[in-house]
Amino acid sequence: MSSDNPATVAVPTNRAPAVSSRVVNFPASSALPAVSPTDAVAIDAREVNIFYGEKHAVIDATLGIPARSVTAIIGPSGCGKSTFLRCLNRMHELTPGARMTGSIRLNGENLYDPKVDPTVVRRRVGMVFQKSNPFPTMTIGENVTVGLRLNGVRDKAFLRERLEDALRKAALWDEVKSDLAKPGISLSGGQQQRLCIARAIAVQPEVLLMDEPTSALDPIATAKVEELMNELKRNFTIVIVTHSMQQATRVADQTAFFYLGKLVEFAPTRELFNNPREKQTEAYITGRFG
Amino acid sequence: MPTATTTMEAPTTATAAQRMRPVSRASEFAFRGLCLAMASVVLVLVLIVGYQLWRGAGHTFHRFGLSFLTKSDWDPNANSFGALPFIYGTLVTSLLGLLIATPLAVATAVFLTELAPNWLRQPLIFLIEMLAAIPSVILGLWAIFVLLPVLNEHVFPFLQKTVGFLPIFSGTSFGGYSVLAASLIIAVMVLPIITSVSREILRSVPDLQREAAYGLGATRWEVTRIAVLSYAKKGIFGAMILGLGRALGETMAVTMVIGNANEIKSSLFAPGNTLASVIASQFNEAADDSYRDALIAVGLVLFGITLIVNLCARLLLKFGTADAGAVH
Ligand SMILES: Nc1ncnc2c1ncn2[C@@H]1O[C@H](COP(=O)(O)OP(=O)(O)O)[C@@H](O)[C@H]1O
Ligand SMILES: [Mg+2]
């Protein structure tokens, strides 16, 4: 995957940066895995509609997200990507005035069943945010284990084991293993974001949601996080919102394109970028709007 | 486009400029001068007060030296003055008041920022501001007619029965006039400021911190604990110190309920005096110069303590917010 390293993406000089980011530098030799039809669906979202007061932010979205793969959500800013992502772990319920209709099932279980507690949903569906947000008063170690401790885990040896495992999975262990007692915010921006990933996976969720996790990172830190996603998908189902089409082509097995609140197209990443079925998708990926 | 705009606007600007009054240097000068003069008045006032305090206190410190701060007898008839009982009274009532007010204030601030529904928030904030607007003397009257009898008849006997083995909860009551009553009044008076500063601090906690905790499956209480309160703890400490600054100088209501006794008693049920209340209650009867100078020296001590505490509060608040800024 050297040809599409973010540091080496060719930026045509005659275009404004905003436009150039729409130009997909699709690697010809890429062997992106296609979605295999046998893949089990982890998240089954049906006729999802989300409103902010009167504003209809997501309209009738239906899609099945396969387990243990990376699914990217792309689309122009304001098209409802974050809104859709946040309803996958009921995070949108924290926004006053937000409403959702439709159903979302996680491995067959209805997440919106009245008997289901949203805090339990969020333990099963973890989240990583656009800006890294470690807890500033906690050490690196405490940041990783806070989710387990919240869930009543007191066993020191177990916490220690999960700590190392999560940090290894987040590709951060070697960098911080001797600094576990330092504050989480003493790390660099990219390390902080990986710390947040470690914090999210320490509780062993089934799904990991990421909302533009690299938009505040430099290219090298971005490459690290992207590499990480490739590793993590062996254990987790990953859904990532990204404004970068290059990123979607690099990390995602399948990609969903949202436009004006509607799910326009959902297909294996390669297919969506090489042979889009919808006119709007084609217009978007060729940079005609966005 | 740009050329069109220029040609269209050019004549208009010219006429507008012609129609305008020339810039008046005189009014600008007068404006600056006036502001400077007004600002100087404040400065001069502070200097005069400081000088008067210093000069009055000078005699006393000259006579007693630092023992003025460490002696615990205050006997105007014998012309012997030691301010320790008042320093003690001030510190005990202020700290106790703070201890009572802080949990209430922080809980209220948490309720206002994290839990209260929108329709309840504004009325509550208004009520708290009203509490701050009650004149001290009114609170004092309320305390004399309501608080003191309740303390005297119910609270003190109860405390004596249950925790009376502790020296601070033993001894007789003097109609409720006591250090504890003064502490309670101080608590009421610093509650609004600690609440509103804490509320500002909690509001400044980024939502991203809350979401981080919610994202891990934290309940509301857990979010408040790990994401909000721990993030804000320095700032809340600063709010407490700011409250302490108010508590130290609180005079009128304290003078009305503290019982005005010039001695150190271990019991909180016993009357006492603070630096502020002793000045308020004795200045009128201070006939001779040395008595008056001693009271002025008490004022200087109060001034010094308040200054130091306020300075600390400022530093804490500054570093509290600077830390929060460095988080991102
Ligand atoms: N809290 C909110 N209140 C009202 N409208 C919102 C809120 N959050 C987002 N929206 C609106 O919903 C739409 C989708 O927003 P969002 O999901 O954040 O878009 P994206 O992540 O794709 O940029 C936008 O039009 C936005 O203005
Ligand atoms: Mg977004």
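Reader: What makes B:Glu200 count as partly exposed?

Author: Keep in mind that this is a predicted model. B:Glu200 has 42% relative accessibility, and partly exposed covers what falls between under 20% and over 50%. So B:Glu200 gets the label partly exposed.

Reader: And why is B:Arg199 called buried?

Author: Its relative accessibility is 14%. Buried means under 20%, so B:Arg199 counts as buried.

Reader: How do you know that B:Arg199 and B:Glu200 meet in a salt bridge?

Author: Their N to O distance is 3.9 Å. The cut-off is within 4 Å, so the pair qualifies.

Reader: What joins A:Glu109, A:Arg124 and A:Glu206 into one network?

Author: Salt bridges that share partners do that. Over all chains, the search turns up 22 salt bridges.

Reader: Why is the contact of A:Arg86 with B:Glu211 called a salt bridge?

Author: The two side chains come to 2.6 Å, N to O, and the limit is within 4 Å, so the name fits. This pair crosses between chains, from helix H2 of chain A to helix H8 of chain B.

Reader: Are those two partners buried or exposed?

Author: Buried: A:Arg86 has a relative accessible area of 13% and B:Glu211 has 17%. Buried means under 20%, so the label holds for A:Arg86 and for B:Glu211.

Reader: What makes A:Glu175 and A:Arg194 a salt bridge?

Author: Their closest N and O atoms are 3.0 Å apart; the rule asks for within 4 Å, so they pass. A:Glu175 sits in helix H6 and A:Arg194 in helix H7, so the pair ties together parts 19 residues apart in sequence.

Terms used. Residues are numbered from 1 along each chain as its sequence is written. Chains are lettered from A and ligands numbered from 1 in the order in which they are written. This is a predicted model: local features need pLDDT of at least 70, side-chain atom pairs count only at pLDDT 80 or more; totals for chains, interfaces and linings use all residues. Side-chain values use heavy atoms; hydrogens and water are left out. Helices (H or I, at least four residues) and strands (E, at least two) are DSSP runs, numbered from the N terminus. Buried means under 20% relative accessible area, exposed over 50%, partly exposed in between (1.4 Å probe, protein chains only).
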